[in-house]
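Please look over the sequence and the model below before reading on. The briefing is meant for someone who has not seen this structure before.

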Amino acid sequence: MTASVPAHSRIRVGSAPDSWGVWFPDDPRQVPWQRFLDEVARAGYEWIELGPYGYLPSDPVRLAEETGRRGLKVSAGTVFTGLHHGPAVWEETWAHVADIAALTRAMGAEHLVVIPSFWRDDKTGRVLEDRVLTPRQWRDLTEQSERLGREVRERFGLRIVVHPHADTHIDTEENVSRFLDATDPDLVSLCLDTGHYAYCGGDSVELIKTYGERLGYLHLKQVDPAVLAEVVAGEVPFGPAVGRGVMCEPPAGVPALEPVLAAAGALGVDLFAIVEQDMYPCPPDKPYPIAERTRGFLRSCGI
C-alpha cells in the first residue's frame, strides 16, 4: 500500500528581498544584495523573488552565477502598474514590464507578480488620487490586466499573478472579489498576500475556499493586530505603518498561517509560498535571525 502524499508537499517555500528591508533598487539604508543572497541561503530558503528591479544584478548570466553558487532559484519577478489609467499608460507600463519579464524568464521563473499603483504615497502619505475607482476605471483596470496577462504569456511565457495590496485599489474583500469576477481566469491569477489581505480586513482562508481556482501564488505575511488597530484608526499610510511594525514575525500575528497553508494545500496544485515581512527601513542585523526563525516555524507547519 502506498503512503498518501502530504498536501503541503506541493508548496515550495521561499523568501524575498522585502524580508531584508529592501523596497528600492538602491537605498543606503538597505543591505547590499550580496548579503541578502548569503543570508537568505543560510537561513534555509531555496527560492527567492527578484525584488525591486535593479537591486539584484540585472545581467542574467551574472545573476545565475550568484544565485546558483548559493543554491538559490528564482520564483518570480515583480512589477508595479497603474492599469486603471487605461490604454494611455500601456506603452509606459510595457517598457517597465518587459525588462523585468525578460530577466524573470531568463532565470527560469514562470510568474510575474503584478502590484497595483498606490492611491497615496507609501512614504509621505500624500494622496495621489481618489481611493475609489469609477466604473470606467474599473473597466480599464480589468481590461488592461487581461491585456497584460496575454502579452506577458505570449512574449515571455510567464503567468501574471495580481497582488492585492494595502493603499491600492485592489485591497478589501469587496474589491478583490470584484476584480477577480471581472477578469478572465485564463489570463489573470491571484497572488494572495496573507498580511496585506488581513491588513485590509479580509479572511485568507475564505478567499482560498471561494476563489481557489484563481490562486496562483502565495505571499506569507502576518500583521500585528494591536498596531493594525492604531493604523486603521489613525488612517496611517502603509509606509509609516510598516515603520511602526504593523507587519510582524510569525507566528505572533494574524492570520494564523497553518489554516491558510491547509486550505492552499487542499487545492492539490503546485504553489510558491514566499515569505515577505515588510520591515523598511530596518537595522542590517535584524532580518537574518527573523528569517531563520520563520523558516523553522514554516517547517513545523509542514512546508
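The points below cover the annotated domain, the salt bridges and the first strand.

This is a predicted model. The UniProt annotation, from an unreviewed entry, places a "Xylose isomerase-like TIM barrel" domain at residues 37-286. The model holds 17 salt bridges, and three of the pairs are described here along with one network.

**Annotated domain**
- Helix accounts for 41% of the chain over residues 37-286, and strand for 17%.
- The C-alpha atoms at the two ends of residues 37-286 lie 15 Å apart.

**Salt bridge in helix 1**
- Arg-35 and Glu-39 form a salt bridge, with 2.8 Å between the closest N and O atoms.
- Both residues belong to helix 1 (residues 33-42), where a spacing of 4 residues puts them about one helical turn apart.
- Glu-39 is buried at a relative accessible area of 6%, whereas Arg-35 is partly exposed at 26%.

**Salt bridge in helix 4**
- Glu-151 pairs with Arg-155 in a salt bridge, and the closest N and O atoms are 2.8 Å apart.
- The two residues are 4 apart in helix 4 (residues 135-156), or about one helical turn.
- Glu-151 counts as buried because its relative accessibility, 18%, falls under the 20% cut-off.
- Arg-155 counts as exposed because its relative accessibility, 52%, is over the 50% cut-off.

**Salt-bridge network**
- A network of salt bridges links Asp-38, Arg-62, Glu-66, Arg-69 and Arg-70.
- Within this group, the side chains of Glu-66 and Arg-70 meet at 2.8 Å, N to O.
- Glu-66 is buried, with a relative accessible area of 12%.
- Arg-70 is also buried, at 15% relative accessibility.

**Strand 1 and its partners**
- Strand 1 spans residues 11-15, and 4 of its 5 residues are buried, so the rest of the structure largely encloses it.
- Strand 1 runs parallel to strand 10 (residues 271-275), and 5 bridges join the two.
- In this pairing, Ser-15 stands opposite Val-275 of strand 10.
- Strand 1 also pairs with strand 2 (residues 47-49), again in the parallel sense, over 2 bridges.
- Here Gly-14 stands opposite Trp-47 of strand 2.
- A right-handed β-α-β unit is made by strand 1, helix 1 and strand 2.
- The helix of that unit, helix 1, is also the one that holds Glu-39 and Arg-35.

Terms used
Residues numbered from 1 in each chain as written. Predicted model: local features only at pLDDT ≥ 70, side-chain atom pairs only at ≥ 80, totals over all residues. Heavy atoms only, no water. UniProt positions renumbered as here; feature names shortened; annotations may be inferred. Salt bridge = Lys/Arg side-chain N within 4 Å of Asp/Glu carboxyl O. Buried < 20%, exposed > 50% of the residue type's maximum accessible area, 1.4 Å probe, protein only. Pairing = 2+ DSSP bridges. Right-handed = clockwise from strand over helix to strand, strands pointing away.
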